[in-house]
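Trainee: I have a model to go through and would like to quiz you on it. Shall we start with the ligand shell and work outwards?

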Amino acid sequence: MTTPPVIPVPTPTAPGALPLLGHAHRLARDPLPFITSLRRHGGVVRIRIGPTDAYVVTDPELTRRVLVTDAGHYAKGGRIIDALRVFFGDGLATVADGDTHLRNRRLVQPMFNKAHVATRGSAMIDQVRAMVEGWRENEKRDVFADMNDLTLAAFLVALFGTDLPGHLRAEFTALMPVIMKGAIRQTVLPSWATRLPLPANRAHAERVARLRELVDRAIDHHGTSPSSAPPDDPDDPDDPDDADTGPTCPHAPPAQGGLFAALLTADRPLTRRHLQDEAITLLTGAIETTGTTLAWTLYEISRHPDVERRLRTELADACGDRPLRPTDLENLPYARQVLQEAIRKYGPAWMVTRTATRDVELGGHRIPEGADVIWSPYLHQHDPAHFPAPDVFDPDRWAPHRAPAARGSFLAFGDGRRKCIGENFARTELQIVLAVILQRWSRIELVSRAPRPQAVVTVRPDTMSMRYGHRDTATASVDDPPRSWAVPRGASPQAVRERGGLGRGREPSTGAVSGGGAPACRAGVFGGDQGGEQTQPLFREGTGFRGADGHVESGSGVVQPERGGDGFEDGR
Ligand code: HEM
């Protein structure tokens, strides 16, 4: 008996398309309400961006099919990725699916395992503390900028080790925000416009070239890369780089720490151009994702005194009368819930694309070869069927007895072979920054109007200023936890060191850590093979991707919709 041909389910088109523009005006003007509104039309919804059709997947179960089960039919691609490829080159996030991606992923993956990230814990704490120490009491501060600076600095320590010279760190810090702006502009403009000899295009190209130089210098600083190696020419068809034949550092001694060191000392080390691509990709992926998450977390803390109180009590119980240590992180489960809820509520990724590599069937819908397929962590995480009252900030939805129900549709880090490689790093860094800020400042106060979420690369706040200070003991609530563990107001780095916090030298002008013995770091939340792996059901490692053999697995099932929530969506 022959199987009857499957009749495709008609795919609904979102209302409100304009001639020529399609739905581009909605994506530009009110992207979050628009994208979350699509759910009510079906599991797969057609939109038009200019003259081109794109298919938005609104059902998390179907998204997992795109990312995991049928991943072979959907290539990493789409307009945004194509535009970013100009900037990232063959970095992990933009390189096409296939052997190169798999090889590079395998190479980079070990550096992002919990055990490896753990080796950077003390250095990151020191770096973050030095910066937070530098904030003046009661000065009005731009939270988004501060959080991005902190995450960049912590990542530089992890990427290049603790001895990166202060002037290099300063230049990275100045350059990255401007480059991010330029990269966004490149993705929004038609590709022909980005190639015109306009001043803005030239300036962006010059900054990217400068960033590549900085990465080179940082690598050379380790003494692991021959500065005589000429930079690769991407336009040279005879460039041996393309054949991956020219290792950057054939006789490289082990680098002085830093995640990057492993790339330089691998069996088949990456070429110089490729190292730059990878460093730029990781830098870009690492800053704003965690920066926005932290900004939103502080915002929610500032308006939920009960959440703040529980965080402070937990921190006081874990650390007592001393500054944070890496091993304390395992004892801060409520902080992990708070951060998880901030990631859920605010994205931070709101639109991710794939391209169908052939005619495919998805949930009964037919998607033609070459079409863009869009999925949105933000959309899924605001689905009232899976997250009742999705606009409410409720860290307790991640309490152990409730978390399993929510986890299946939590896709903030993606899934499958392109799942975020920095998840462990991000979670560790988020916990460190939050804990250090809470320890240093007992008062966190929003002094701008309430921020509105703005969907650009991530869902970032359109404005957010805060003041940090010390609670007046005369007015402190009796419920407030003891704060004897807080580093004293205006404490010098020396004083902090004496309290056991830093334990190493520091460049006076920059605050950059200048080497020295980090306190021994036991596994704890970092887990891995440093002993004492702790199973934290909330933050499992490596779900969805097994790097060593390329085998892909989902790692988590999709929860069947349970009715709940009020269906209200304001797109936040
Ligand atoms: C809260 C923090 C973060 C979130 C929510 C996040 C989210 C994501 C998502 C959704 C993807 C998958 C994109 C896709 O399917 O096409 C991704 C990929 C990626 N992320 Fe993250 N990310 C975060 C932090 C980081 C950090 C800290 C790093 C670097 C240390 C990083 C580096 C990357 C890279 C390199 C990829 C591409 C992986 C590949 O294609 O193999 N991310 N991220």
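Mentor: Agreed. The shell around the ligand divides into 15 nonpolar, seven polar and three charged residues. Keep in mind that this model is predicted.

Trainee: Of the 25 residues around the ligand, which come nearest?
Mentor: The shell holds 25 residues, 15 of them nonpolar. Those that come nearest are Gly285, Thr289, Gly414, Cys420 and Gly422.

Trainee: Which helix gives the most to the shell around the ligand?
Mentor: Two helices, α13 and α18 (423-440), each supply at least two residues of the shell. With seven residues, the one that gives the most is α13.

Trainee: At what angle do α13 and α18 pack?
Mentor: Both helices supply the ligand shell. Their axes are 10 Å apart. The packing angle is about 40 degrees.

Trainee: Is α13 parallel, perpendicular or oblique to α18?
Mentor: Angles under 35 degrees count as roughly parallel, and 65 to 115 as roughly perpendicular. The angle here is about 40 degrees. That makes α13, relative to α18, oblique.

Trainee: Which residues of α18 make the contact with α13?
Mentor: The crossing is right-handed. From α13 come Thr289, Thr290, Thr293, Leu294 and Thr297. The residues of this contact divide into five nonpolar, four polar and one charged. On the α18 side they are Ala426, Glu429, Leu430, Val433 and Leu434.

Trainee: How do α8 and α13 stand to each other?
Mentor: Helix α8 (residues 143-160) packs on α13 with the axes 8 Å apart. The angle is about 140 degrees. Over 145 would count as roughly antiparallel. So α8 is, to α13, oblique.

Trainee: Is the crossing of α8 and α13 left-handed or right-handed?
Mentor: Val143, Phe144, Met147 and Asn148 are among the α8 residues in the contact, and Ala279, Leu282 and Leu283 among those of α13. The contact residues divide into 14 nonpolar, four polar and one charged. The crossing is right-handed.

Trainee: Which strands does α13 lie across?
Mentor: Helix α13 covers residues 272-303. Its direction is at about 100 degrees to β9. The strands it lies across are β9 and β12.

Trainee: What is the order of the open sheet of three strands?
Mentor: Its pairing is antiparallel. The edge strands, each pairing on one side only, are β4 (141-142) and β9 (443-446). The order is β4-β12-β9.

Trainee: What is the bridge partner of Asp142 in β12?
Mentor: Strand β12 (residues 465-469) pairs with β4 in the antiparallel sense, over two bridges. Asp142 has its partner in β12. That partner is Ser465.

Trainee: Which strands stand at the edges of the open sheet of five strands?
Mentor: The order of this sheet is β1-β2-β8-β5-β3, with mixed pairing. An edge strand here has a single partner, so one side of it is left without a neighbour in the sheet. The edges are β1 (44-49) and β3 (74-76).

Trainee: By how much are neighbouring strands of this sheet turned against each other on average?
Mentor: The figure is for the sheet with mixed pairing, of five strands. Direction is ignored. The average is 35 degrees.

Trainee: What is the bridge partner of Ala54 in β8?
Mentor: Strand β2 (residues 52-57) and strand β8 (residues 372-375) pair in the parallel sense. Four bridges join them. The partner of Ala54 is Asp372.

Conventions: Residues are numbered from 1 along each chain as its sequence is written. This is a predicted model: local features need pLDDT of at least 70, side-chain atom pairs count only at pLDDT 80 or more; totals for chains, interfaces and linings use all residues. Two strands pair if DSSP finds at least two bridges between them. Two residues are in contact if their C-beta atoms, placed from the backbone, lie within 7 Å. Axes are lines fitted to C-alpha atoms, for helices over the stretch in contact, and angles run from 0 to 180 degrees between N-to-C directions. A crossing is left-handed if the near helix is turned anticlockwise from the far one by less than a right angle, and right-handed if clockwise. Ala, Val, Leu, Ile, Met, Phe, Trp, Tyr, Cys and Pro count as nonpolar, Asp, Glu, Lys and Arg as charged, and the others, Gly among them, as polar. A residue is near a molecule or strand if its C-beta atom, placed from the backbone, lies within 6 Å of it.
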